[in-house]
Amino acid sequence: MSMATSHFHSSIKVFALFHLILLFSSLLHTATAIPSHQREQEQDTPITRFQRYLRINTAHPTPDYYSAVSFLKAQAHSLGLTSKTFEFTPGKPLLLLTWPGSNPSLPSILLNSHLDSVPAEPAKWLHPPFSAHRTSDGKIFARGAQDDKCIAVQYLEAIRNLKARAFSPLRSVHISLVPDEEIGGLNGAAKFVESDDFLRLNVGFALDEGQASPGDEFRVFYADRIPWNVIIRATGVPGHGARLYDGSAMENLMESMEAVSRFRESQFDVVKAGKALNGDVVSVNPVYVKAGVTSDDGFAMNVQPSEAEAGFDLRLTPTTDPDELKRRIAKEWAPAVRNMSYEVRFFMKKNLI
Ligand SMILES: [Zn+2]
């Protein structure tokens, strides 16, 4: 759930508090005023508008971006907002809505939300993931409901409420609805923030999705950690499992695992001591180990393999020096003198988080 460009990224991940409070009071009011499912379908309310958006299947790998954009555009036009659609990458539209301020020369406010959702496995759902089914106790089932179609709808409904109160913003308020966030945003937000169109918005403050809250409280985030996938590979002399000798691939990898483990502890200790929160330290967790010589019934238990590999999920804080961390990896975790190598994979297409 993150934008790809640090300039934009580090200043967001915050909830639109007052907008949300306005909206939720409106949603609650509407929810209790609707007597039956049938009547609900006939009405045009924040809830039914939310459901209509949810019924557009924007899940990967084939998100229906155009239907989503046309729905949101119609909503925006009904509110008197202006709209502009960019297509920095063919087939991946990015919708920008604007509520002009009375002093548009001031730095603007940007509210961001992504159009796409992660895939759903319909067989495992109580209700079809794109039915936006609403139960009698008010729960709505839909893929993307929290992450993050509710955000776009909250922005629009908050504006609707503010307009109904004759509020007029001093600064221009923009809403960007971006494609491909769930697959890294490289063809969406990343291209947008590098464009002249983005520069011209003169954004002074931006808000993006955060975490769902079951109550009325909203946690505020002002930064997000950066994921690194680190793969460490070791090679060494293969040999019989009965022998003790130096420089086997597994021995090299085990030493690395110990070094990684020491670093992990050093970070975790700070959290355990109450001196930092989880998000304030670099986390590293082993996620796989790959080695061994296979045999008919599993692995040959008497062979020391010539290759071994381990994968780690690292999360860097916004203040982590990436070069320093790379130096640590090269020196302590995967030293070439021990026949080791490493690879850092940044947030990539296949990582759906
Ligand atoms: Zn998200």
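## Exercises on a predicted model

Of the 353 residues in the protein chain, 33% count as buried. The model is a predicted one, and the chain holds ten helices and 15 strands. Contacts between residues 24 or more positions apart make up 72% of those in the chain with a separation of 6 or more. Keep the structure open and work along with the exercises below.

### Exercise 1. A three-residue binding site

Task: find where H114, D147 and E209 sit, and decide whether they gather at one spot or not.

Solution.

Step 1. Begin with the record: an unreviewed UniProt entry gives the feature "binding site" at H114, D147 and E209. These three span 96 residues in sequence, yet no two of their C-alpha atoms are more than 8.7 Å apart, so they gather at one spot.

Step 2. Locate each residue. H114 belongs to strand β3, which covers residues 108–114. D147 is part of helix α6, while E209 sits in the loop between β7 (203–207) and β8 (226–235).

Step 3. Work out burial. A residue counts as buried when 20 or more other C-beta atoms lie within 10 Å of its own, and as exposed when 12 or fewer do. H114 has 29 such neighbours and is therefore buried. E209 has 23, so E209 is buried too. D147, with 18, falls in between and is partly exposed.

Step 4. Look at the surroundings of H114. Leaving aside residues up to four places away in sequence, H114 touches D148, V178, E181 and E182.

### Exercise 2. A two-residue binding site

Task: say how far apart the C-alpha atoms of the "binding site" pair D147 and E182 are, and whether E182 is buried or exposed.

Solution.

Step 1. The unreviewed UniProt entry also lists "binding site" at D147 and E182. They are spread over 36 residues of sequence but cluster in space, with a largest C-alpha distance of 9.6 Å.

Step 2. Place E182 on the chain: E182 is in the loop between β6 (173–178) and α7 (189–193). With 24 other C-beta atoms within 10 Å, E182 is buried.

### Exercise 3. Two helices that cross

Task: describe how α4 and α6 cross, and which residues meet there.

Solution.

Step 1. Take the axes. Helix α4 covers residues 46–54 and helix α6 covers residues 145–164; their axes come within 10 Å and cross at roughly 135°. That angle makes α4 oblique to α6.

Step 2. Add the handedness: the crossing of α4 past α6 is right-handed.

Step 3. List the partners. From α4 come P46, R49, F50, Y53 and L54, and they meet A145, K149, C150, V153 and E157 of α6. Sorted by type, the residues of this contact are seven nonpolar, no polar and three charged.

### Exercise 4. Unusual backbone geometry

Task: find where the backbone has cis peptide bonds at H60 to P61 and at D147 to D148, and where A166 and D180 have positive phi.

Solution.

Step 1. Recall the background: most residues other than glycine have a negative phi, and most peptide bonds are trans.

Step 2. Inspect the peptide bonds. The one from H60 to P61 is cis, with omega near 10°, and P61 is in the loop between α4 and α5 (65–78). A cis bond also joins D147 and D148, with omega about -10°. D148 lies in helix α6, and D147 has its place in α6 as well. D147 is also named in the "binding site" of Exercise 1.

Step 3. Turn to phi. A166, which is not a glycine, has a positive phi near 60°, and A166 is in the loop between α6 and β6. D180, not a glycine either, has a positive phi of about 65°, and D180 is in the loop between β6 and α7.

Step 4. Set their burial side by side. A166 is exposed because 6 other C-beta atoms lie within 10 Å. D180 is buried because its count is 24.

### Exercise 5. A strand residue

Task: decide whether T294 is buried or exposed, and how far its C-alpha atom is from that of P305.

Solution.

Step 1. T294 is in strand β11, residues 294–295.

Step 2. With 10 other C-beta atoms within 10 Å, T294 is exposed.

Step 3. T294 and P305 are eleven residues apart along the chain, and their C-alpha atoms are separated by 9.8 Å.

Definitions and conventions: Residues numbered from 1 in each chain as written. Predicted model: local features only at pLDDT ≥ 70, side-chain atom pairs only at ≥ 80, totals over all residues. Axes fitted to C-alpha atoms, helices over the stretch in contact; angles between N-to-C directions. Helix = DSSP H or I, 4+ residues; strand = E, 2+ residues; numbered from the N terminus. Parallel < 35°, antiparallel > 145°, perpendicular 65-115°, else oblique. Left-handed = near helix turned anticlockwise from the far one by under 90°. Contact = placed C-beta atoms within 7 Å. Nonpolar A, V, L, I, M, F, W, Y, C, P; charged D, E, K, R; others polar. UniProt positions renumbered as here; feature names shortened; annotations may be inferred.
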